[in-house]
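Student: I would like to learn how to read a fold from its contacts, strands and helices. Where do we start?

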Amino acid sequence: MSFLLFIILVILILLASVLRWRKTRYMLVLLTLVLFFGVGTGVAPRYLLNALQQDYQVKPNVSWRENNVIILLGAGTVKVPRTHDVEPPFFAYGRITETAIQYQYCQQTKSVCWVIVSGGDPLQNGEAEAKVYKHVLVSLGVPENMIITEPNSMNTWQNAEFTRRILEFDHDFTTFNQQNSRIVLVTSGLHLRRSEQYFNHFGINAIPIRGDYVVASVSWLPSGYEFALMDFALHEYLGYFRYYVYNTMGWNILPKKEVFAAGVMKSG
């Protein structure tokens, strides 16, 4: 995303040169240099990432109740070239590990603890994120029969929408309500603000817990890593503000009820 921005600026500089708009060209060159060093040295991504994650720095101590659901959001998959195995990417393991840890905390209270893994196969690697992550969770000690997979969502909005369907429509858990239940949402720190926004829209008021925390390092020399972090941050802000645009346009329409009594379903 930041790369595309620089390409646009370069095109504008060339256009200003052809049209002999000297002042405009100088301003665009100055803007490009400021952005390049502001992003590459880590100043801009550090500020944006901190703003996204600052509310989630401290992980809350969850007060587990009679019935509990831990929702894990997918972060993609990778296909290993020689083996063709489909595995979680390196930045998904923080989420997965945190989910397993929270499950163990919940189990210590002798409460009912379910895990919903939400994620389809947007990268077309042949296996849904939910299924791939489930294998890792089982290897970390989470019982297979306590894991519910939601393998159809292709983005965060669908994560929330399809998880709502699981929570709302399973008849075996019609008594699951806010008085005796707890819902926990686990994803990356930079992804939590947007995820909370979407899940709240679908009536899922969950306790957010970060699986990781991303920090940009400020240095004198530009780094490609900082440009990658900038792209991650811009992606989150774009999704966050797009929500308000869609609300204004009337496009964020709920399929049925705006607020629902959450429930859980058994793993098939």
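Tutor: With a definition: two residues are in contact when heavy atoms lie within 4.5 Å. Keep in mind that this is a predicted model.

Student: Apply that to one residue. Which residues does G211 contact, leaving aside its neighbours within four places in sequence?

Tutor: G94, R95, E98, T187 and S188. Take T187: 24 residues separate T187 from G211 in sequence, yet their C-alpha atoms are 5.4 Å apart.

Student: Where in the chain is G211 found?

Tutor: In a loop. Strand β7 (207–210) comes before that loop, and helix α8 (224–249) follows.

Student: Is G211 buried or exposed?

Tutor: Buried means under 20% relative accessible area. G211 has 13%, so G211 is buried. For the chain, buried residues make up 48% of the 268 residues.

Student: Now the sheet. How do I read the strand order?

Tutor: Read across the sheet, from one strand to the next one paired with it. Here 5 strands run in the order β5-β4-β1-β6-β7. The pairing is parallel, and the sheet is open.

Student: Which strands are at the edges?

Tutor: β5 (147–150) and β7, each of which pairs on one side only. On average, neighbouring strands of this sheet are turned by 20° against each other, direction ignored.

Student: Show me one pairing. How many bridges join β1 to β6?

Tutor: There are 6, between residues 67–73 of β1 and residues 181–187 of β6. The two strands run parallel. One of the bridges can be located by residue: N67 has S181 as its partner in β6.

Student: Which strands does helix α4 touch?

Tutor: Helix α4 (residues 93–108) packs on the sheet and touches β1, β4 (112–118), β6 and β7. Its direction makes about 175° with that of β1.

Student: And which strands does helix α5 touch?

Tutor: Helix α5 (residues 129–139) also packs on the sheet, touching β1, β4 and β5. The angle between the directions of α5 and β5 is about 160°.

Student: Zoom out. How many helices and strands does the chain have?

Tutor: 8 helices and 7 strands. The C-alpha trace spans about 70 × 45 × 35 Å along its principal axes.

Student: What share of contacts joins residues 24 or more positions apart?

Tutor: Among contacts with a separation of 6 or more, 76%.

Student: And the surface?

Tutor: The accessible surface of the chain is about 14500 Å², with 61% belonging to carbon and sulfur atoms. As for charge, the chain has 23 positive and 20 negative charges, and their mean positions are 8 Å apart.

Conventions: Residues are numbered from 1 along each chain as its sequence is written. This is a predicted model: local features need pLDDT of at least 70, side-chain atom pairs count only at pLDDT 80 or more; totals for chains, interfaces and linings use all residues. Side-chain values use heavy atoms; hydrogens and water are left out. Helices (H or I, at least four residues) and strands (E, at least two) are DSSP runs, numbered from the N terminus. Buried means under 20% relative accessible area, exposed over 50%, partly exposed in between (1.4 Å probe, protein chains only). Two strands pair if DSSP finds at least two bridges between them. Axes are lines fitted to C-alpha atoms, for helices over the stretch in contact, and angles run from 0 to 180 degrees between N-to-C directions. Accessible areas come from the Shrake-Rupley method with a 1.4 Å probe; for residues, only the protein chains shown count as cover. Lys and Arg count as positive and Asp and Glu as negative; His and the chain ends are not counted. The place of a charge is taken as NZ of Lys, CZ of Arg, CG of Asp or CD of Glu.
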